[in-house]
Amino acid sequence: MNKRKQPIKTPDPIFLAADVGNARIKLGLFDAVVASALPEPLRTLPLVGDRPTLDEILSWLADAADNTLWWRIASVNRPA
């Protein structure tokens with residue numbers, strides 16, 4: 001599932017999860033306040049290629065700039 005650009009309309013902190021896989025990186029934005037055991041992302045961004053551009057990520061995060069952003073990064077790729 002790829003939720004591209006759902007508007008961020010909350011003053012609450014936002015949680016950004018980064019999944020660093022063997023072939024690509026996937027980002028997901030979540031409400032920091034979790035109402036269920038498995039929250040659905042507000043939006044996702046799959047990064048394609050060896051060198052994703054920072055501009056792509058900044059554009060994706062642009063309307064979340066007024067929120068506190070918490071990061072979590074996970075990987076199954078040991079060298080990552």
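These legends describe close-up views of a predicted model.

**View 1. The overall fold places one helix among four strands.**
Along the sequence, the elements follow the order β-β-β-α-β. The chain has 80 residues, and 28% of them are buried. Its exposed surface is about 5,800 Å². Carbon and sulfur atoms supply 56% of that area. Contacts between residues at least 6 apart in sequence include many that span further: 54% of them join residues at least 24 apart. The whole structure holds one aromatic pair.

**View 2. Strands β1 and β2 form a hairpin.**
Strand β1 covers residues 14-20, and strand β2 covers residues 25-31. The two strands are antiparallel and share seven bridges. Four residues lie between them. Two of the facing positions can be picked out here. Ile14 has Asp31 as its bridge partner in β2. Ala18 stands opposite Leu27 in β2.

**View 3. Strand β3 pairs with β2 in the antiparallel sense.**
β3 spans residues 43-47 and is joined to β2 by five bridges. Leu27 has Leu45 as its bridge partner in β3. Lys26 stands opposite Pro46. Leu27 therefore has a partner on each side: it faces Ala18 of β1 and Leu45 of β3, with strands defined as DSSP runs. β3 is mostly covered, with four of its five residues buried.

**View 4. Strand β4 runs parallel to β1.**
β4 comprises residues 69-75. Seven bridges link β4 to β1. Phe15 stands opposite Trp70 in β4. β1 thus pairs with β4 in the parallel sense and with β2 in the antiparallel sense, where a pair needs at least two bridges.

**View 5. Side chains along β1 alternate between two faces.**
Ile14, Leu16, Ala18 and Val20 point to one face, and these residues are buried. Phe15, Ala17 and Asp19 point to the other face and are not buried. Such alternation of side chains between the two faces of the sheet is the pattern of a regular strand. Ala18, on the buried face, touches Lys26, Leu27, Arg72, Ile73 and Ala74, leaving out residues up to four places away in sequence.

**View 6. Leu16 is buried within β1.**
Leu16 counts as buried because its relative accessible area is 0%, under the 20% cut-off. Beyond its neighbours within four places in sequence, Leu16 contacts Leu27, Gly28, Leu29, Trp60, Leu61, Leu69, Trp70, Trp71 and Arg72. Leu69 is 53 residues from Leu16 in sequence. The C-alpha atoms of Leu16 and Leu69 are 6.8 Å apart.

**View 7. The largest nonpolar core has 11 residues.**
Its members are Ile14, Leu16, Ala18, Leu27, Leu29, Leu45, Leu47, Ile57, Trp60, Leu61 and Ala64. The elements that give two or more residues to this core are β1, β2, β3 and α1 (54-61). Leu16, Ala18 and Ile14, seen in this core, also belong to the buried face of β1. Leu27 and Leu45 are both core members, and they are bridge partners as well.

**View 8. The charged end of Arg43 sits over the ring of Trp60.**
The charged end lies 5.9 Å from the ring centre. Trp60 is also one of the residues in the largest nonpolar core and is in contact with Leu16.

**View 9. Pro41 lies in the loop between β2 and β3.**
Pro41 has a relative accessibility of 12%, so it counts as buried; the cut-off is under 20%. Phe15 is 26 residues away along the chain. The C-alpha atoms of Pro41 and Phe15 are separated by 9.4 Å. Phe15 itself points to the face of β1 whose residues are not buried.

**View 10. Asp12 lies in the segment before β1.**
Asp12 counts as partly exposed because its relative accessibility is 38%. That value falls between the cut-offs of 20% for buried and 50% for exposed. Asp12 and Thr68 are 56 residues apart in sequence. Their C-alpha atoms are 7.3 Å apart in space.

Definitions and conventions:
Residues numbered from 1 in each chain as written. Predicted model: local features only at pLDDT ≥ 70, side-chain atom pairs only at ≥ 80, totals over all residues. Heavy atoms only, no water. Buried < 20%, exposed > 50% of the residue type's maximum accessible area, 1.4 Å probe, protein only. Contact = heavy atoms within 4.5 Å. Areas by Shrake-Rupley, 256 points an atom, 1.4 Å probe, with all protein chains shown as cover. Phe/Tyr/Trp six-rings, centres within 6.5 Å; stacked < 30°, edge-to-face > 60°. Lys NZ or Arg CZ within 6 Å of the ring centre and 35° of its normal. Core = buried A, V, L, I, M, F, W, Y, C linked by side-chain atoms within 4.5 Å.
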